[in-house]
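Hello,

Here is the structure I promised to pass on. Please have a look when you get a moment, and my notes follow underneath.

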Amino acid sequence: MSAFTPIDRYLENNRQSHLEQLFELLRIPSISADSTKKGEMEAAAQWVANRLQSAGLKTELIPGDGPALVYAETPPVPGKPVVLVYGHYDVQPADPLDLWKSPPFEPVLRDGNIVARGSTDDKGQMLTHVLSVLAWHEAGMPLPLQVKFLIEGQEEMGSEVLEAKLPEIAKKLACDVIVISDSSQYAKGQPAITYGLRGIAYFELRVHGPKADLHSGSFGGAVTNPGLALARILTDIKTPDGRIQLPGFYDSVVSLEESEREMWRSLGFSDAKFAEALGVSALTGEEGFSTLERRWARPTFDVHGLLGGYQGEGSKTVIPSWTGAKISFRLVPNQDPKTVGKQLREFIASHTPPGVRVEVIDLHGGRGVVVNPNSHFMKGAVHAVEEGFGVKPVLIREGGSIPIVAQMVDALECDVLLIGWGLDDDGAHSPNEKFCLEDFYRGIRASSRLWHHLAQ
Ligand code: BES
Ligand code: MN
Ligand code: MN
């Protein structure tokens with residue numbers, strides 16, 4: 001009998017109840033980007049708070065100008081490190097709705113997966129830590145260190161409330177290490193610890209032309225078309241071989257270590273399988289870098305949406321008065337989103353064709369993160385993940401962003417552990433988002449071991 005037997009027994013006996021709890025949370029459509037969902041945001045925050053409260057934690061809702069922050073803590077344990085679990089209860093919008101095989105907020109089990117918006121990102125992953133603390137509590141075992149929780153409701157749209165509140169609540173959040181499960185394993189059956197995330201700088205461009213839409217027969221050829229002007233600007237930003245043209249963009253980019261490149265090569269990544277899984281006929285990107293390097297450790301530029309002009313049925317001969325684009329740059333350490341904003345404005349000033357005006361609107365941003373892969377906490381996490389998943393984790397970086405993390409690390413002067421239980425093909429932000437049921441349970445088990453190993 002191991003010291004964990006009471007916890008394991010509790011986890012074994014409560015598999016069904018844990019799944020039902022996750023289903024309850026998944027039924028709340030807490031879409032932070034949707035201003036008509038304020039009530040649902042409150043309901044989700046309250047649900048998380050209630051769960052933490054009933055796991056014996058001192059819990060509060062921290063109100064702000066937007067969805068509340070959920071904060072909770074277990075009692076301090078003198079002489080032991082303090083852990084802060086960060087996660088988010090908000091989800092991305094569910095559309096396009098017609099591509100879902102079952103309604104996004106009516107969770108179901110299909111082919112061994114929990115299918116619902118937020119299942120992997122991040123309700124299912126976040127809940128593993130709540131349930132593991134509950135397991136210690138219910139097994140009558142005092143936690144070997146203090147665990148704090150900060151679960152926010154705006155991760156998917158820029159963390160404004162948390163950013164504003166951070167200076168004020170930094171003392172409350174004081175910790176040695178932040179633990180986050182909001183990323184992926186390397187592959188099915190191969191868990192990972194992530195030691196880097198990219199940052200992001202997100203903008204909307206508006207190209208303003210004539211004061212009203214114009215008949216393209218009468219006026220075409222005599223004025224700059226805002227659609228073409230936008231296309232030209234966008235394609236000028238990144239060359240076909242993947243280099244971003246903003247002045248000074250690469251100045252602060254930290255180059256990859258040879259040892260890192262070597263380590264990633266040994267992961268045996270297959271470009272062919274990857275392309276097939278995505279349904280593309282070729283992979284493209286910055287010359288001189290492998291696919292993993294491009295995704296994890298090199299900056300890039302993407303267009304997310306194009307606005308303006310005629311979008312209806314059939315044809316309409318018009319020169320649109322304006323067009324627009326939602327764009328972002330993924331950043332790597334040590335790039336700064338504010339600097340990128342300046343560089344973008346400078347670039348656009350010198351690339352705007354005559355006859356149109358371009359407006360650059362800042363939406364949100366955050367710096368990237370790199371974690372010391374040799375820290376003492378990292379070693380604890382390796383043990384915990386191995387015990388939860390039965391396989392030793394590999395070290396990876398990820399291309400996604402959790403924009404507030406860099407600021408939290410600075411404000412709290414702490415370490416961070418990124419231990420994701422998701423999979424690359426979970427369809428986060430996409431229709432039919434899923435989370436592997438067994439990974440939910442393995443995640444809870446790994447988390448239950450984590451408190452022990454981080455206390456060593
Ligand atoms: N959980 C993701 C971040 C993530 C994705 C980490 C993939 C590792 C791998 C998070 O919820 C997310 O979607 N972040 C956004 C941030 C943006 C909306 C500000 C992202 O990366 O696009
Ligand atoms: Mn997430
Ligand atoms: Mn997300």
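Below is what turned up around a metal site and among the salt bridges.

This is a predicted model, in which local features need pLDDT of at least 70 and side-chain atom pairs count only at pLDDT 80 or more, while totals for chains, interfaces and linings use all residues. Residues are numbered from 1 along each chain as its sequence is written, chains are lettered from A and ligands numbered from 1 in the order in which they are written, and side-chain values use heavy atoms, without hydrogens and water.

The metal first. His88 (NE2), Asp121 (OD) and Asp182 (OD, listed twice) coordinate the manganese ion (ligand 2) at 2.0 to 2.3 Å; donors are N, O and S atoms within 2.8 Å of the metal (3.2 Å for Na, K and Ca), and sites may look incomplete as water is not among the atoms. Aspartate 121 also bridges to the manganese ion (ligand 3), 3.6 Å from ligand 2. Histidine 88 sits in strand β3 (residues 82–88) and aspartate 121 in helix α4 (residues 119–138), so this pair joins parts 33 residues apart in sequence. Helices (H or I, at least four residues) and strands (E, at least two) are DSSP runs, numbered from the N terminus.

Now the salt bridges (a side-chain nitrogen of Lys or Arg within 4 Å of a carboxyl oxygen of Asp or Glu). The whole structure has 23. In one of them, arginine 445 pairs with aspartate 8, with the closest N and O atoms 3.5 Å apart. Asp8 and Arg445 also belong to a salt-bridge network with Glu387 and Arg449.

Best wishes
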